[in-house]
Amino acid sequence: MDCETLTAERTKAREIIDKIENMMSKAPAEGVRRYKINNRELERYSMRELLDLLAYWRRRFRTADRKLQGKTSMGPDIQVYI
């Protein structure tokens with residue numbers, strides 16, 4: 001991936017992480033999971049689902065961040081020239 005794509009991925013992940021954390025801070029007690037008013041349908045996520053989503057997007061954020069810094073999961077990105 002190029003730098004621009006990685007930056008966009010990192011930004012998207014950060015935005016989603018912020019939204020999930022915001023949802024978690026305002027999470028009401030378990031109640032109605034899904035409801036529909038007029039033509040709008042809303043669905044609540046359980047705390048477990050939010051935690052799973054948060055973990056997933058944090059991993060994507062860290063991966064993009066490491067790649068932007070020139071690192072891989074194994075350490076610095078090593079270039080091999082033949």
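Start by selecting Met-23, which sits in helix α1. The model on screen is a predicted one. Colour helix α1 along residues 3–25 to see the stretch that holds Met-23.

Next, show the surface. Is Met-23 buried or exposed? Neither word fits: Met-23 counts as partly exposed because its relative accessibility is 39%, and that class lies between under 20% for buried and over 50% for exposed.

Keep the surface on and add Tyr-45 and Leu-53 to the selection. Together with Met-23, these residues form a nonpolar patch on the surface. The accessible area of the three together is about 260 Å².

Now switch to side chains. Which residues does Met-23 touch, once neighbours within four places in sequence are set aside? They are Tyr-45 and Leu-50. For a distance to check in the viewer, pick the C-alpha atoms of Met-23 and Arg-44: they are 9.6 Å apart, while the two residues lie 21 residues apart along the chain.

Move on to Leu-50. With neighbours within four places in sequence again left out, Leu-50 is in contact with Ile-20, Met-24 and Tyr-45, as well as with Met-23.

Leu-50 also leads to the next stop, the largest nonpolar core. Select its seven residues: Ala-13, Ile-17, Ile-20, Leu-50, Leu-54, Trp-57 and Phe-61. Helix α1 and helix α2 (47–68) each supply at least two residues of this core. Which helix gives the most to the core? It is α2, with four residues.

To finish, show Ile-20 and Leu-50 on their own: both belong to this core, and the two are in contact with each other.

How values were computed: Residues numbered from 1 in each chain as written. Predicted model: local features only at pLDDT ≥ 70, side-chain atom pairs only at ≥ 80, totals over all residues. Heavy atoms only, no water. Contact = heavy atoms within 4.5 Å. Patch = residues over 30% accessible without salt bridge, like charges linked within 9 Å, V, L, I, M, F, W, Y side chains within 5 Å. Areas by Shrake-Rupley, 256 points an atom, 1.4 Å probe, with all protein chains shown as cover. Salt bridge = Lys/Arg side-chain N within 4 Å of Asp/Glu carboxyl O. Buried < 20%, exposed > 50% of the residue type's maximum accessible area, 1.4 Å probe, protein only. Core = buried A, V, L, I, M, F, W, Y, C linked by side-chain atoms within 4.5 Å.
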